[in-house]
Amino acid sequence: MNETAFKNVKSLPSSHLLGTGTPMCAGCGGLEALHEIYDVLGENSVFVNAAGCMTLLAVYPFTPFRGSWLYTAMASAPAGAQGIRDALDILQQKGEIGPEEDMQVVALTGDGAAYGMGLSATSGAIERKLDFLYICYDNEGYGNTGQQYSGATPHGAKTATSLGLSGFAGYKKPLFDIWAAHRPAYVATVIGAEPLDLARKIEKAKALKGPRLIIALSPCPTGWDFDPKESVNIGKLAVKTGVWPLKEYLDGRVVHTKLPPRRLPVERYLETQGRFRHLFQPRRQEALLAEIQQRVDGYWEGVES
Amino acid sequence: MKRRLLTGNGAAAWAARLANVDYIPAFPITPQTEIIESLADWIDSGQMPGRLVTLESEHSMLTAAGAAATTGVRVFSATSSQGLLYAMEMLYTVSGWRAPFVLVNVSRGLSAPITLEPDHNDILAARDSGFLQIHCATCQEVLDSVLLAYRLGEDERVRLPVLVNMDGFYLSFTREPVEIPKIEQVAEFLPPFQVGEIRFRASAPESQAVAVLGGGPYSYFRYETHLAARNAIQVYAELADEFEQAFGRRHEAVECYRCEEAEYLFVMIGSFATKAKAAVNSLREAGWSVGLVRPRLLRPFPDTEIRRLLAGRRAVAVIDQNISFGAGGVLHGEIAAALYGQPDAPPVLASFIGGLGGRDIPAEEFYQIAKVIRDAAEQGETPPPRLLYTGTELRETRKLQAIARVERAGLGGEA
Amino acid sequence: MYRIRFHGRGGQGMKTASRILGTAFFIEGFEVQDAPRYGAERRGAPIFAFVRAAREPIQERGIIRQADLVVVADDTLVPVPAAGVLAGCDAQTVLLINSHQPTEVWKERLNLSGPVLTLPAHEEVADRAELPYVGAACAGAAARLSGVIGLASLEQAIGEELGHLGDQVVAVNRERASRTYEMLVEQAGLVKGERAITAEDWQAPDWIELPFEEADVSAPAIHAGLTSEALKTGSWRTMRPLVDYDRCNRCWWVCSTFCPDGAIRVDEEKYPRIDYDHCKGCLICVAQCPPHAISAVAEHEVQSEEAVS
């Protein structure tokens with residue numbers, strides 16, 4: 001898998017497949033990631049969607065997809081993918097459709113479904129070696145209901161259900177590790193702000209068979225409280241500060257695909273977002289800031305050693 | 001045709017096999033498990049084509065079932081009780097996809113307290129889900145109803161999933177003579193699934209189960225589902241004729257057993273209705289003018305037929321093997337609604353609740369019910385709802401409560 | 001209509017017995033209904049299965065309260081109340097007990113108004129849970145007592161029900177079933193299946209109005225611990241572990257720790273004491289005792305010795 005069509009940013013697709021006109025918020029990091037993914041994946045795909053922000057991608061009679069789409073429910077998008085994948089296989093085995101009618105089956109869910117309610121369905125699908133792509137747009141909270149904390153919310157973040165001075169008391173669940181522990185075909189983290197890394201990973205995933213799972217950190221102007229124009233900057237900072245490691249799991253190994261040469265202080269990322277403002281104002285919460293920095297440092301020590 | 005002894009579970013599995021199903025998403029639960037075990041065995045040993053996949057929950061099982069049906073294959077699945085409830089979100093969801101397939105439910109009482117034996121609260125919880133419902137009283141009916149259900153659900157005037165219900169233990173584990181039709185004969189009655197325009201193909205982009213904003217379009221889609229379900233009354237009537245021609249057995253939407261000119265009627269669904277038939281036979285021999293009306297089709301609700309069958313009777317006893325807490329028997333309420341305002345409605349429509357959690361309804365209770373409604377008709381007054389529960393049973397329960405260290409001071413009227 | 005119940009222990013093949021008899025009736029042209037009765041019970045626990053057979057379609061369902069024939073595969077179940085062997089037995093019920101004890105002993109012991117027969121259907125085995133082919137033997141006996149099932153139909157039924165287990169199994173089961181079938185030649189047709197069910201006269205059920213009771217009382221909650229000890233699961237046991245206290249080295253922990261049911265306590269002298277009210281007879285203690293101080297004896301033998309003494 002050394003040959004990539006995406007040698008540099010100039011080779012990224014210049015015309016885009018995902019349609020305009022969706023009701024996603026202006027500056028949505030999830031939609032940005034999705035359209036970049038869709039460009040590589042192509043229209044020969046059926047998206048099986050779980051309850052979340054992207055439920056509203058298709059609102060009758062409008063759809064941005066050139067290919068197909070099925071809305072299921074919050075907990076069971078991977079099971080919907082199972083039903084479609086199996087049915088397409090059966091129809092081909094019976095000779096009722098030719099291989100040209102086949103499609104990539106893609107589960108599309110937010111972090112609420114991926115980290116919580118749908119984790120059992122995902123675990124089951126991986127265990128059954130389902131040939132599908134799973135895309136989680138991770139905006140670190142139940143965004144569609146007003147950004148309450150979820151299993152993906154980072155420590156210290158203010159959400160609609162963690163309004164106190166210390167923000168969210170829990171820690172972001174290591175979903176990448178949980179998925180990778182199932183030993184699927186492929187797991188990767190991506191972010192729309194790093195389109196080349198993203199395109200190469202989707203290219204790789206597309207060529208593989210079996211369960212392939214992608215987590216896209218999705219800067220969320222509405223839920224994270226920042227100016228929509230900062231969406232990509234914040235995404236880049238997430239990578240540069242080491243908060244969002246870009247990595248992939250393949251053949252039993254985890255490889256970091258973009259090692260930040262000199263990691264910027266985490267504060268640079270945190271200070272861009274209203275959800276972390278209480279860490280700085282009315283006065284700096286040094287202990288909490290230090291803890292967050294330490295956790296990031298601790299992660300990268302494990303990687304770099 | 002071959003007649004042999006089969007359990008209700010065996011009959012359901014045979015029906016799926018004869019229906020040439022492509023896909024069986026599965027999840028084990030007592031007392032349904034034998035259905036998927038049989039199918040798994042037949043598929044593994046090459047006795048039938050098809051693919052069986054065990055999902056990690058009934059919620060996922062129903063999602064996969066609906067998704068496969070919307071892709072255009074014939075789907076079968078089975079569950080029971082808590083499993084049906086765990087899948088309930090998806091029952092309501094997939095019916096809106098207008099994806100026809102057949103789900104067999106093996107009725108079992110609901111938790112809490114959790115139990116093993118049947119009543120109908122599980123299946124009635126799915127009453128408003130958009131699944132059509134056929135209720136079986138014999139193992140033969142289980143087999144026949146699954147075949148009918150595919151025709152019914154796949155009919156272009158309907159296009160809805162169908163639940164076929166049988167009682168746990170009383171049918172699921174009980175063998176009875178069942179005629180197994182030849183697969184060629186079934187193929188003639190039940191041609192391959194024609195998925196129509198709603199399916200997933202690379203050449204034809206399709207967005208299914210799409211969200212709507214606003215009550216206007218929402219009401220349209222939901223009411224269309226209702227109209228499709230209502231169409232199923234007429235479609236079922238046609239299919240009953242066709243089925244009889246093909247297989248020689250007639251399954252009316254509402255079975256009418258010795259009820260011509262009967263002054264008194266029992267109304268009930270499910271396998272306990274055959275016990276009512278036995279009671280009707282004994283009562284008839286003893287000179288009573290009694291019959292049984294048994295809805296097989298519960299969704300759509302065959303209200304016109306029920307009105308016709310109940311008209312002019314002196315008294316009717318509805319025996320519900322379910323309980324809607326705070327209201328009473330579900331079937332009783334539905335029958336009453338169907339009869340309201342009809343000039344020749346029976347003056348007495350009494351409610352009895354019995355058979356909860358598999359509690360037996362012995363012959364003498366049916367006799368007594370007949371007596372109660374006859375007396376009520378003579379007095380011109382409908383009796384209050386009656387739970388079939390005896391002093392002996394309460395005394396037995398009191399013994400259990402004593403072991404559970406229930407304070408005697410808290411106990412009400414001692415039996 | 002014939003209404004027949006088979007009583008045995010989990011593992012003794014009562015479902016098989018009911019299926020063989022059901023199929024044999026069916027071959028003879030009867031309408032049939034047969035079913036096992038499962039609960040939460042396991043191997044060794046009392047279970048039963050039943051068969052209804054009639055010339056017309058059968059509308060009755062569920063358990064048979066008053067049977068025309070009750071067949072008991074394991075005589076140690078007769079005195080176990082939870083087994084319900086004698087439930088509904090009346091003058092029209094034939095009771096057939098698989099037992100090596102004489103018929104007269106059972107007649108005297110039970111004092112029933114209906115006929116009591118015994119059938120030494122098997123060579124004695126130590127572990128009754130392993131009682132081989134007793135299902136087929138019971139079915140053969142019941143077939144003969146009905147008087148309407150020919151030997152050929154019985155043998156065909158065994159072939160249909162057990163064919164998947166191979167010819168050898170079918171042959172042995174046929175041999176056992178035909179043996180009991182022949183043993184009861186004198187009693188052919190003793191079971192009539194003529195019990196009349198009539199609505200001419202019936203006893204009104206003692207229906208009551210269920211009173212409201214507060215949730216403290218009426219929720220399914222047990223307000224105490226250890227109440228399961230009221231259940232005498234010792235009745236499941238077909239083999240009994242016996243401690244030879246001369247050989248016991250008072251290790252004080254092996255048998256007691258490994259007993260899944262916690263039915264072995266250690267006394268002050270560090271000797272194990274087995275609670276036979278609850279010991280299910282799994283024999284882990286026998287297998288694990290380091291000095292082999294625990295041995296297994298057949299429960300039915302201990303029980304008959306106890307009955308004598």
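Two residues count as in contact here if their C-beta atoms, placed from the backbone, lie within 7 Å. Keep that cut-off in mind as you click through this predicted model.

**Stop one: the core.** Select B:Val146 and look beyond its neighbours within four places in sequence: you'll find B:Ala12, B:Ala15, B:Ala16, B:Ala19, B:Val102, B:Val104 and B:Val164 in contact with it. Now add A:Val48 to the selection. These two valines touch the most other members of the largest nonpolar core, which has 281 residues. Then hop over to chain C for a second, separate core of ten residues, with C:Cys255, C:Ile264, C:Ile274 and C:Cys279 among them.

**Stop two: a helix pair in chain C.** Show residues 14–27 (α1) together with residues 151–162 (α4). Their axes sit 8 Å apart, at an angle of about 125 degrees, so the two helices are oblique to each other. The crossing is right-handed. For side chains, try sticks on C:Thr16, C:Arg19 and C:Ile20, which are among the α1(C) residues at this contact, and on C:Leu154, C:Ala157 and C:Ile158, which are among those from α4(C). The residues of this contact comprise six nonpolar, four polar and three charged.

**Stop three: where B meets C.** Colour the contact by chain: 43 residues belong to chain B and 38 to chain C. On the chain B side, pick out β8 (175–180), α10 (272–285), α13 (363–379), β16 (386–387) and α14 (391–403), the elements that each give two or more residues. Zoom in on α10(B), whose eight residues are the largest share of that side. Recolour by class and the chain B side splits into 22 nonpolar, eleven polar and ten charged residues.

Notes. Residues numbered from 1 in each chain as written. Chains lettered and ligands numbered in written order. Predicted model: local features only at pLDDT ≥ 70, side-chain atom pairs only at ≥ 80, totals over all residues. Axes fitted to C-alpha atoms, helices over the stretch in contact; angles between N-to-C directions. Helix = DSSP H or I, 4+ residues; strand = E, 2+ residues; numbered from the N terminus. Parallel < 35°, antiparallel > 145°, perpendicular 65-115°, else oblique. Left-handed = near helix turned anticlockwise from the far one by under 90°. Nonpolar A, V, L, I, M, F, W, Y, C, P; charged D, E, K, R; others polar. Core = buried A, V, L, I, M, F, W, Y, C linked by C-beta atoms within 7 Å. Buried ≥ 20, exposed ≤ 12 C-beta atoms within 10 Å, placed from the backbone.
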